[in-house]
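User: I'd like a close look at one part of this protein, and then a walk outward from there. Keep it relaxed, please.

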Amino acid sequence: MQPRPYQAAAIEAPFRYWHKGGGNPLIEIPTGGGKTLIISSICKRMVEEHKARVLIAAHRKELLLQNEATFKRLWPGAPVGVFSSGLGRREIRQITIAGIQSIFRQPKKMGHVDLLIIDEAHLLSPKVDGQYGKLIQALRHVNGSLRILGLTATPYRLGQGLLTQGEGKIFDSIVYRAHIKDLIDQGYLSPMHSSSTSGKVETDGIKIINGEFLQRDLELAANVSEVTDAVVRDVLATNRKHCLVFGVGVEHASFLRNAFRMAGASAEVITGSTPPQERARILDSFKAGQLRVLTSCDVLTTGFDAPLVDCLALVRPTMSPGLYVQMVGRGSRLSPGKENCIVLDYGGNIARHGPIDEVTVKPKSLKPGIAAQKMCPSCCAEIPVSRRRCEHCDHEFPHAVPQERKANVDPSQLAIIGGTKKQKMLAVTQRIVVEYESHRSGARMLRVDYHNETQTAPLAQEFICIEHDGYARTKAEQWWFKMAGTPCPNTVAEAMEQVDMLRPVAAIGVQQDGKFKKVVAWGFPKQRQPGEDDDDDTIASGGHDDDLPF
């Protein structure tokens, strides 16, 4: 099981963060991106290189079993055990995979833990009296140097905002972010398309309590014949064979199941009250293709792995961006014969939150002096949202008129994946000379100047954020690998010593980005330049201390 390039970068990211003195990092990986392989690889490295004791906590039995299965494939003979009352297992090993419902009541059984890994970290409440809060408090009582690593597809929580901001936050920084559109473009996830709907749930007048629609009123609004008829008609018209339909609650999900059956489609429902054996039977039938439609409420939003899902119907309006992305994520996995996944949004979720690769989350409760962050499109650095100019690369943000969003909107014509509009590329410029400089504005960056050989002023510039964290570092790693085919250095000084290893650039294509030109395409010579040596194309990997990396 060789990690994909983005998985390898995600595995390395927390170790880089810890060696720099960081605390509790967060990794963002889209649904279907292979979190379990990342988790098992990090654990393997922690045990083999640092003799650490690791606890992996998750909230569903499916996640526990997925992690255990991946360990067995990746690392036969791994010192791993499962602690879960629901699975009837009480195994404490050097690596323990535990259900949070079981382990928070008996934390003393774990003893000393060096690293706590939280799968589906968006479920972690900042409240100290929650299950995770009690577990963390108990583990820190034994080991004050405990580190916590979280993995999630949705690094935000309703009522809190980003998991790295707000009162009571556990995580300090998102050290790696894999974007769903990039993974789709690279062929690792299924393409997704939204389709027109012939109905919608009317949410006007529904109360919003604690940031979410009031469940009782929302179910009354959704469970009406006009909406149900539209859902059945639209879903069956797609001619898809594996359809997952999300309702508001138990009664609504059952009503939808009955409607599909009356229309002649094979359908079943799964809710939180479905007995475990019955639930397993239904899921097996759905995965085997014996059921065309599976209806549910919130119970299949995380931990449900059915790659063959090729149609999603969101008959569940939500104010939670996390729930929205998690629902859509059920259709993102690849499966043989599956070309894409169609998304039918009956609740205005796309309009409310944006495409799933462009969801914007505003922090709800920041500590005094902490500003909300935005990402610079030029250098990918995170800067305060109030800034009109990037302090790292001088990118100037255009003035934008705030757009009013309403709960009751027509979802029919909105794209589920953003970035579909292609900006016209300016003429490709050839006969390029490239210069590399160390640029200091905040954290140090590698500045790349592209010149025409007959002109002094650069045609375009790139800022490679090698010493940044988060998505900026991710983009730097991707750029360096593309240019050198080797792992990205850790510092700009190291990069400057290795620029001779970068591929020569013969031409560039640029797009206008405000006052600046953005490089979007590169042309390389077909053969190596004189003097280049194949043997020089590797970087020796450094060793690691025997001590823990934090």
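Is N210 buried or exposed? And once that's settled, what does the open sheet of 6 strands look like, with its edges and the helices on it?

Analyst: Bear in mind that this is a predicted model. N210 counts as exposed, because its relative accessible area is 73%, and the cut-off for that label is over 50%. You'll find N210 in the loop that links β12 (208-209) to β13 (212-213). Its backbone stands out too: phi is positive, about 55°, even though N210 is not a glycine.

There's another residue like this. K51, again not a glycine, has a positive phi near 55°. K51 sits in the loop between α2 (35-50) and β2 (54-58), and with 62% relative accessibility K51 is exposed.

Now for the sheet. Reading across, its 6 strands go β11-β18-β17-β14-β16-β15, paired in parallel, and the sheet is open. The edges belong to β11 (192-194) and β15 (267-270); each has a single partner strand, so one side of each has no neighbour in the sheet. From one strand to its neighbour, the average turn is 20°, ignoring direction.

Zoom in on the β15 edge. β15 pairs with β16 (residues 293-296) in the parallel sense, over 4 bridges. One residue to click on there is I270, whose bridge partner in β16 is S296.

Helices pack on this sheet as well. Helix α8 (residues 225-237) touches β14 (243-246), β17 (311-314) and β18 (341-345), and the direction of α8 makes about 165° with that of β17. Helix α9 (residues 250-262) lies across β14, β15 and β16, running at about 175° to β15.

Last stop, the nonpolar cores. The largest one has 72 residues, and I27, I42 and I117 have the most contacts inside it. Helix α1 (residues 5-19) supplies the largest share of that core, 8 residues. If you select I27 and skip the neighbours within four places in sequence, its contacts include A10, P14, I38, I42, L149 and Y176. Apart from that core lies another, of 27 residues, with V227, L236, A259 and L344 among them. You can tie this second core back to the sheet: V227 and L236 fall within the residue range of α8, A259 within that of α9, and L344 within that of β18.

Methods
Residues numbered from 1 in each chain as written. Predicted model: local features only at pLDDT ≥ 70, side-chain atom pairs only at ≥ 80, totals over all residues. Heavy atoms only, no water. Helix = DSSP H or I, 4+ residues; strand = E, 2+ residues; numbered from the N terminus. Buried < 20%, exposed > 50% of the residue type's maximum accessible area, 1.4 Å probe, protein only. Pairing = 2+ DSSP bridges. Axes fitted to C-alpha atoms, helices over the stretch in contact; angles between N-to-C directions. Contact = heavy atoms within 4.5 Å. Core = buried A, V, L, I, M, F, W, Y, C linked by side-chain atoms within 4.5 Å.
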